[in-house]
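Student: Hey, can we go through this structure together? I'd like to start with whatever sits around the ligand.

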Amino acid sequence: MTLSQLPDLPAPPSPQCIAALAAELADLAPIQAAAELERLSKDFYAYSPVLSPLLAECRAQLAVKVRTVEQVRRVASACARLGVPLTLRGAGTGNYGQCVPLQGGLVLDLTGLKQLRSFDPDSGEIVAEAGWLLADLDGQLALHGRALRLAPSTYRTASLGGFIAGGAGGIGSLRWGFLRDPGNLLGLEVMTVEPEPRLVQLDASASAPLNHAYGTNGILTALRLPTCEAVAWQQLVLGFDDWTQALAALQGLAASALLLNNVTLLEAPVATLMPWPLGCPSAAGAEHRLLLLAAPDSLEANPQLLSAWGGRLLWQESQAASRGLPLRELCWNHTTLHWRGQQPDWTYLQLLLPHDPRPLLAALRQRWGHELLWHLEAVRQHGEVRLSALPLLHYAGPTALAELIGQCRDLGALVFDPHQITVEEGGLGGIDPAQVAAKARHDPAGLLNPGKLRGWQQGTANLNVNRNPDSSGYRRL
Ligand SMILES: Cc1cc2nc3c(=O)[nH]c(=O)nc-3n(C[C@H](O)[C@H](O)[C@H](O)COP(=O)(O)OP(=O)(O)OC[C@H]3O[C@@H](n4cnc5c(N)ncnc54)[C@H](O)[C@@H]3O)c2cc1C
């Protein structure tokens, strides 16, 4: 894939046009320094050897950091009037080049939007602005005995708006499913990109097409979310000599009545390269490791369950007392980060495994041997316990990668391909007419994050787009 193969990307604006934009937004101190523009044009796409060369040269021509919704309106209006592509940015921790501007233009940093507009003590519902750092917002909720339901392992660095627009799930997904499951997002405030921008309020149903749309179909300024009770999570590391027993323990614990926020299984070679929290023993060669975030009242039941599966407790500490890395930074895509820190010629995939994952795991081990190593996460999907996988792959070129992806699909896995730049290819592959319709309503000139929504690039006319905000064409991850 090359950028020139992307259909209908708008031409980058001329230097004169960018100068006019900078002059109009002069009081917002627009950023024009090359090094800063380069930094603000990147995320964590380097995990992918396919995306790395593709996106290396992509740069914003201007960047602005806003602090108020009124400033968002001014930027949106100026971009719409001058026809400048507008790419939204939270903390820039996305993995698919999600906030990389493919055709220059302006990058809008929204991390300055930080008001907690409301907290309902009865329901726990919040309305929070998009720029909140997740850990900071969770800190505010903790004062009321509440917590965010879901968080990426980048909890300490990622923004709320970036998580909803770019993330999928993570810690808490064992209890609450994925971000796009109904009930996890209750509403959005969205600024449109038009000469006279509108600030629109969307209910849960109308918000769904903007959830995980990479900021292509509206600028999220505030989000209405449910919260859950705060729990004093305990971090546990368990060791297993036998992979089959470790897998049975992962599935058994995930399906138990214990209150668990995350269960991760790392195959022995993966565990050996992880930077374990202070006090936790390093991993020995052949030991598979299960990482648990468990409620205090689950600890009593654990020892009996564990010995039945042939596991042993290696380390335990409350999350609040974490020294060094917390355990949640050894799971989800942090595992990939730590592994690649030592093995930069490896990459990864993201899968939802079939209900019985064992045939797939066996077939892939037979074909790929230890060039493919397993990192599994237990999740709840549509009410059922399933296994997500972020396997690590020794990269042997695009042909081998395509073979592996094809094989995963043939063996019944859903592949969320992290080597693609569009919303569709990073998701289930198909165009979601409701996402495209939301773009038509909120970004009629197609300026938001150009090139990332394939359905828009291919033209709404051919799609029989349903412009009703409650479109049932919406498809869940
Ligand atoms: C080490 C590591 C671990 C990770 N673990 C997880 C994980 O556990 N679960 C998970 O889901 N993801 C994970 N990710 C991916 C990423 O961290 C999450 O998607 C994160 O939530 C992104 O937040 P951000 O603020 O960095 O967003 P950014 O990267 O800045 O943006 C992400 C996308 O959202 C858009 N966007 C940002 N703000 C807005 C806004 N206000 N309105 C509209 N669009 C907006 C951007 O244009 C972009 O398309 C991980 C990434 C890394 C590098």
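Student: Okay, which element gives the largest share of the shell around the ligand?

Tutor: That's H6, with five residues. Keep in mind that this is a predicted model. Strand E2 (86-89), helix H6 (160-166) and helix H12 (333-342) each supply at least two residues of that shell.

Student: How many residues surround the ligand, and which are the closest?

Tutor: There are 36 around the ligand, and the closest are Leu88, Gly90, Thr93, Ser159 and Gly169.

Student: What about domains, where does the shell come from?

Tutor: Domain 1 (116-229) and domain 2 (234-348 + 351-415) each give at least three residues to the shell.

Student: And how do the shell residues divide into nonpolar, polar and charged?

Tutor: You get 15 nonpolar, 20 polar and one charged.

Student: Which backbone atoms lie by an oxygen atom of the ligand?

Tutor: Alanine 168 has a backbone N or O atom 2.7 Å from a ligand oxygen. For serine 153 that distance is 2.9 Å, and for glycine 167 it's 3.4 Å.

Student: How much of the ligand does the protein bury?

Tutor: The protein buries 97% of the 980 Å² that the ligand exposes when taken alone.

Student: Back to Ser159. Is serine 159 buried or exposed, and why?

Tutor: Serine 159 counts as buried because its relative accessibility is 3%, and the cut-off for buried is under 20%.

Student: Where is it in the chain, and what does serine 159 touch?

Tutor: Serine 159 sits in the loop between E6 and H6. Leaving out residues up to four places away in sequence, serine 159 touches Gly90, Ala91, Ala130, Gly131, Trp132, Leu133 and Leu134. Also, a polar atom of the serine 159 side chain lies 3.0 Å from the backbone nitrogen of glycine 162.

Student: New topic: where is arginine 156?

Tutor: Arginine 156 is in the loop between strand E6 (146-148) and H6.

Student: Why does arginine 156 count as partly exposed?

Tutor: Because its relative accessible area is 42%, and partly exposed runs between 20% and 50%.

Student: Which side chain does arginine 156 make a polar contact with?

Tutor: Glutamate 329, and that side-chain contact is 2.6 Å. Not counting residues up to four places away in sequence, arginine 156 touches Leu133, Ala135, Leu325, Pro326, Arg328 and Glu329.

Student: Last one: what separates arginine 156 from proline 12?

Tutor: Their C-alpha atoms are 34 Å apart, and along the chain the two are 144 residues apart.

Definitions and conventions: Residues are numbered from 1 along each chain as its sequence is written. This is a predicted model: local features need pLDDT of at least 70, side-chain atom pairs count only at pLDDT 80 or more; totals for chains, interfaces and linings use all residues. Side-chain values use heavy atoms; hydrogens and water are left out. A residue is near a molecule or strand if one of its heavy atoms lies within 4 Å of it. A polar contact is a pair of N or O atoms within 3.5 Å; within protein, one must be able to donate a hydrogen and the other to accept it, and residues adjacent in sequence count only if both atoms are side-chain atoms. Accessible areas come from the Shrake-Rupley method with a 1.4 Å probe; for residues, only the protein chains shown count as cover. Helices (H or I, at least four residues) and strands (E, at least two) are DSSP runs, numbered from the N terminus. Ala, Val, Leu, Ile, Met, Phe, Trp, Tyr, Cys and Pro count as nonpolar, Asp, Glu, Lys and Arg as charged, and the others, Gly among them, as polar. Domain bounds come from an automatic or database domain assignment. Buried means under 20% relative accessible area, exposed over 50%, partly exposed in between (1.4 Å probe, protein chains only). Contact means heavy atoms within 4.5 Å.
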